[in-house]
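Reader: I should like to understand the terms used to describe this model. Please set each value against its criterion and then conclude.

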Amino acid sequence: MDDRRTETAPRTRTCLDDATTHDDDDDDNAEAADQIDAGRARELDELAPPLPPDGGWGWAVVVAAFFANLILDGVCYTFGIIMPALQQQFQAGKGKTALVGSMLPGCYLIVGKIIVYRNCLSVIRGVQRVARKRSIRFNFNLCHRSDRKRVG
């Protein structure tokens with residue numbers, strides 16, 4: 001037999017300790033505890049939930065970012081499925097079509113650096129001016145290149 005004593009750690013206080021029942025003999029302590037509980041309940045009732053700092057549009061941004069990444073990553077990672085249709089549409093070989101699919105994720109990561117630089121330009125030159133110039137350039141390229149039938 002081992003004669004060593006085992007010491008127990010002191011008991012930590014929990015939320016259940018506040019909800020203990022009081023003896024009938026100790027009415028003064030019970031009334032004091034009820035008053036404290038009533039005071040806490042009033043304080044909690046007076047507290048209003050905090051307003052979100054963005055006016056509540058945070059979830060709209062989260063949903064939009066989710067769908068943007070869903071579509072972009074969906075195209076990047078399922079390119080092999082749509083590759084035969086692209087080969088047939090643009091009458092290109094497997095090499096040229098696979099090159100497009102392999103460059104897409106690389107460009108996706110490289111463009112991040114360019115976007116940071118352009119956002120700095122927006123701050124320096126003015127957001128409206130830079131956005132107007134970008135939208136004109138995008139629409140021109142979209143209309144000018146939409147009639148292409150072949151790659152290369």
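**The two sides of helix α3**

Author: In α3 of this predicted model, the buried residues include Phe79, Met83 and Gln87.

Reader: What puts Phe79, Met83 and Gln87 on the same side of α3?

Author: They cover an arc of only 85° around the axis, and therefore they lie on the same side of α3. An α-helix has 3.6 residues a turn, so residues three or four places apart point the same way. On the other side of α3, Ile81, Gln88 and Gln89 are exposed.

Reader: Against which elements do the buried residues of α3 pack?

Author: The buried residues of α3 pack against α2 and α4.

Reader: Why is Gln87 called buried?

Author: Gln87, a residue of helix α3, has a relative accessibility of 17%. Buried means under 20%, so Gln87 counts as buried.

Reader: Which residues does Gln87 touch, leaving aside those up to four places away in sequence?

Author: Gln87 touches Ala92, Gly93, Lys94 and Thr97.

**Thr97 in helix α4**

Reader: How do you know that Thr97 is buried?

Author: Thr97 belongs to helix α4, residues 94-125. Its relative accessibility is 7%, and the limit for a buried residue is under 20%; Thr97 therefore counts as buried.

Reader: What does Thr97 touch, not counting residues up to four places away in sequence?

Author: The residues touched by Thr97 are Phe79, Met83, Leu86, Gln87 and Ala92. Of these, Phe79, Met83 and Gln87 are also buried in α3.

Reader: What makes the approach of the Thr97 side chain to the backbone oxygen of Gly93 a polar contact?

Author: The side chain of Thr97 reaches that oxygen of Gly93 at 2.9 Å. A polar contact requires a pair of N or O atoms within 3.5 Å, so the distance of 2.9 Å meets this limit.

**The loop after α3**

Reader: Where is Gln91 found, and what is notable about its phi?

Author: Gln91 is found in the loop between α3 and α4. Just after α3, Gln91 takes a positive phi of about 50°, and this positive value occurs in a residue other than glycine.

Reader: Why is Gln91 called exposed?

Author: The relative accessible area of Gln91 is 55%. Exposed means over 50%, so Gln91 is exposed.

**Helix α2 and the nonpolar patch**

Reader: Which residues form the nonpolar patch on the surface?

Author: Val63, Phe66, Phe67, Leu70, Ile71, Val75, Ile81 and Ile82 form this patch, with about 770 Å² of accessible area together. The elements that give two or more residues to the nonpolar patch are α2 (58-77) and α3 (79-90). The most comes from α2, with six residues.

Reader: What makes Val75 eligible for the patch by accessibility, and why is Val75 called partly exposed?

Author: Val75, found in helix α2, has a relative accessibility of 35%. Patch residues need over 30%, so Val75 meets that cut-off. Partly exposed lies between the limits of 20% and 50%, and Val75 therefore counts as partly exposed.

Reader: Why is Leu72 called partly exposed?

Author: Leu72 is found in helix α2 and has a relative accessible area of 30%. This value lies between 20% and 50%, so Leu72 is partly exposed.

Reader: How far from Leu72 is Tyr108?

Author: The C-alpha atoms of Leu72 and Tyr108 are separated by 9.0 Å, and the two residues are 36 residues apart along the chain.

**The chain as a whole**

Reader: What is the secondary structure of the chain?

Author: The chain has five helices and zero strands, in the pattern α-α-α-α-α along the sequence.

Reader: How much of the chain is buried, and how much area does the chain expose?

Author: Buried residues make up 9% of the 152 residues. The chain exposes about 14,100 Å², and carbon and sulfur atoms supply 61% of it.

Terms used:
Residues numbered from 1 in each chain as written. Predicted model: local features only at pLDDT ≥ 70, side-chain atom pairs only at ≥ 80, totals over all residues. Heavy atoms only, no water. Patch = residues over 30% accessible without salt bridge, like charges linked within 9 Å, V, L, I, M, F, W, Y side chains within 5 Å. Areas by Shrake-Rupley, 256 points an atom, 1.4 Å probe, with all protein chains shown as cover. Salt bridge = Lys/Arg side-chain N within 4 Å of Asp/Glu carboxyl O. Helix = DSSP H or I, 4+ residues; strand = E, 2+ residues; numbered from the N terminus. Buried < 20%, exposed > 50% of the residue type's maximum accessible area, 1.4 Å probe, protein only. Polar contact = N/O pair within 3.5 Å; in protein donor to acceptor, adjacent residues only side chain to side chain. Contact = heavy atoms within 4.5 Å. Arc of directions from axis to C-beta.
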